[in-house]
Amino acid sequence: MELRPILALVLSSYELSPRGIHGVAHWARVLENGLRVAHETGANKKIVSLFAVLHDSQRESDGHDPLHGPRAADYARRIRSRHLDLTDDEFELLYQACDGHTHEPTHPDITVQSCWDADRLDLGRVGVTPHPSRLCTDYAKQSTTINWAHDRATFGVVPAWVEEEWGIDVTPRK
């Protein structure tokens, strides 16, 4: 899925640093986590991909910001007609994934579960090791999955394709 136009739109009004803990590198790791989880769960990869770049797009702070998920869901609704090619059912899943990603423990739909796991697997960036009891899917709960994602998050891995495919330089400034 081509995410570059959505990223450009999001970044044009993003209030935080794209290099911050909820910025582009996080979105890219959430995307990679989500696609791995979706491969195993059968989740809708288009929804997982859009969630990765939208779920934190409306944060007003890198700290406590409990309403950023609902704001991201509302933002997705505002841009849907011009920028998101989704069926009504797909959009509802994206909306629910963004809206509940910080406060809901689980969801009955495997795509929403996969989105939430993708984000939670990246908690190492803030010094938290994901715990299986806080993850939704069997694949994400596996120690090999947790360790792989946690190592990448802890070391702040920026996937090599971010600059080439997304056209975004997230090299730390000196």
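This is a short tour of a predicted model, going from the whole chain to one pair of packed helices.

Begin with the whole protein in a cartoon view, where you can count 9 helices and 0 strands, so that the pattern read along the sequence is α-α-α-α-α-α-α-α-α. If you then show the C-alpha atoms alone, they fill a box of roughly 45 × 40 × 30 Å when this is taken along the principal axes. The radius of gyration of the protein is 15 Å, which agrees with the value near 16 Å that a compact globule of 174 residues would have. Next, colour the residues by burial, and you will find that buried residues make up 50% of the 174 residues. Among the contacts between residues at least 6 apart in sequence, 61% join residues at least 24 apart.

Now select residues 24-41, which form helix 2, together with residues 110-120, which form helix 6. Two packed helices are described by the angle between their axes and the distance between those axes. Here the angle is about 140° and the axes are 8 Å apart, which makes helix 2 oblique to helix 6, given that an angle has to be over 145 degrees to count as roughly antiparallel. As you turn the view, follow how helix 2 passes helix 6 in a right-handed crossing.

Which residues meet where helix 2 and helix 6 touch? On helix 2, show the side chains of His26, Val30, Asn33, Gly34, Val37 and Thr41, which meet Ile110, Ser114, Ala118 and Asp119 in helix 6. Coloured by residue class, the residues of this contact divide into 4 nonpolar, 5 polar and 1 charged.

Note on methods. Residues are numbered from 1 along each chain as its sequence is written. This is a predicted model: local features need pLDDT of at least 70, side-chain atom pairs count only at pLDDT 80 or more; totals for chains, interfaces and linings use all residues. Side-chain values use heavy atoms; hydrogens and water are left out. Axes are lines fitted to C-alpha atoms, for helices over the stretch in contact, and angles run from 0 to 180 degrees between N-to-C directions. Helices (H or I, at least four residues) and strands (E, at least two) are DSSP runs, numbered from the N terminus. Angles under 35 degrees count as roughly parallel, over 145 as roughly antiparallel, 65 to 115 as roughly perpendicular and the rest as oblique. A crossing is left-handed if the near helix is turned anticlockwise from the far one by less than a right angle, and right-handed if clockwise. Contact means heavy atoms within 4.5 Å. Ala, Val, Leu, Ile, Met, Phe, Trp, Tyr, Cys and Pro count as nonpolar, Asp, Glu, Lys and Arg as charged, and the others, Gly among them, as polar. The radius of gyration is taken over C-alpha atoms; the globule rule is 2.2 Å times the number of residues to the power 0.38. Buried means under 20% relative accessible area, exposed over 50%, partly exposed in between (1.4 Å probe, protein chains only).
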